[in-house]
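Colleague: I would like to take a close look at a single part of this protein, and I would be glad of one connected explanation that a first-year student could follow.

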Amino acid sequence: MSILHGKDDIFLDLKQKFWNTYKSGLMYWPFVQLTNFSLVPVHWRTAYTGLCGFLWATFLCFSQQSGDGTVKSMFIFFLRKEAGDRPPEK
């Protein structure tokens, strides 16, 4: 993506975000598979995994645009946005 964005250092995002994103994936996917095989009925497993894959792809897109590759950065982003959307108190 860095090449398509025309960035000078195409490996900068990789250096900054890879390990954080990798560690986030190591926390996310085992949990998804544990719940998939222990709680989800057989006929819903494909749909559940597809939904989890969609959520992971959404996280990756967020991480590419504005995050640092950690789940914490996503929660901070949403908490700030939520706090900014509240009407001012009287």
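Colleague: Leaving aside its neighbours within four places in sequence, which residues is Gly67 in contact with? Please take your time over the surroundings of this residue as well.

Modeller: Please keep in mind from the start that this is a predicted model. Once neighbours within four places in sequence are set aside, the residues in contact with Gly67 are Lys17, Phe62 and Ser73. Gly67 itself has its place in the loop between H3 and helix H4, the latter covering residues 71-85. Is Gly67 buried or exposed? Its relative accessible area is 11%, and because buried means under 20% relative accessible area, Gly67 counts as buried.

To see what surrounds this loop, it helps to step back to the whole protein for a moment. The protein has 4 helices and 0 strands, and from the N terminus on its elements run α-α-α-α. Of its 90 residues, 22% count as buried, and Gly67 is one of the buried residues. Among the contacts in the protein with a separation of 6 or more, 55% are between residues that lie 24 or more positions apart.

A long step along the chain can also be followed from Gly67 to Thr21, since these two are 46 residues apart in sequence, while their C-alpha atoms are 9.9 Å apart in space. Thr21 is found in helix H2, and with 15% relative accessibility Thr21 counts as buried. Not counting residues up to four places away in sequence, Thr21 touches Trp56, Phe59, Leu60, Ser63 and Gly69. Ser24 also lies in helix H2, and with a relative accessible area of 3% Ser24 is buried. With the residues up to four places away again left out, Ser24 touches Trp56, Phe59, Gly69, Thr70 and Val71.

Several of these names lead to H3, whose buried residues are Cys52, Trp56, Phe59, Phe62 and Ser63. Seen down the axis of H3, these buried residues fall within an arc of 115 degrees, so they line one face of the helix. The face of H3 that is turned away from this buried side carries the exposed residues Thr46, Phe54, Cys61 and Gln65. As for the length of helix H3, which covers residues 45-65, its 21 residues should span 30 Å at 1.5 Å a residue, and its end C-alpha atoms are 30 Å apart, which agrees.

Tyr48 lies in helix H3 as well, and with a relative accessible area of 23% Tyr48 is partly exposed. The residues that Tyr48 touches, not counting those up to four places away in sequence, are Val32, Thr35, Asn36 and Val40. For one of these, Val32, the C-alpha atom is separated from that of Tyr48 by 8.8 Å, although the two residues are 16 residues apart along the chain.

Finally, we can turn from the buried residues to the outside. The place of Trp19 is in helix H2, which covers residues 12-38, and Trp19 is exposed, with a relative accessible area of 55%. Together with Ile10, Phe11, Leu14, Phe18, Tyr22 and Leu26, Trp19 makes a nonpolar surface patch of about 730 Å². For the protein as a whole, the exposed area is about 7300 Å², and carbon and sulfur atoms supply 69% of it. Helix H2 therefore holds both Thr21, which counts as buried at 15% relative accessibility, and Trp19, which is exposed at 55%.

Conventions. Residues are numbered from 1 along each chain as its sequence is written. This is a predicted model: local features need pLDDT of at least 70, side-chain atom pairs count only at pLDDT 80 or more; totals for chains, interfaces and linings use all residues. Side-chain values use heavy atoms; hydrogens and water are left out. Patches are made of residues with over 30% relative accessible area and no salt bridge: like charges are joined within 9 Å, nonpolar side chains (Val, Leu, Ile, Met, Phe, Trp, Tyr) within 5 Å. Accessible areas come from the Shrake-Rupley method with a 1.4 Å probe; for residues, only the protein chains shown count as cover. A salt bridge is a side-chain nitrogen of Lys or Arg within 4 Å of a carboxyl oxygen of Asp or Glu. Helices (H or I, at least four residues) and strands (E, at least two) are DSSP runs, numbered from the N terminus. Buried means under 20% relative accessible area, exposed over 50%, partly exposed in between (1.4 Å probe, protein chains only). The expected span of a helix is 1.5 Å times one less than its number of residues. The arc is that of the directions from the helix axis to the C-beta atoms. Contact means heavy atoms within 4.5 Å.
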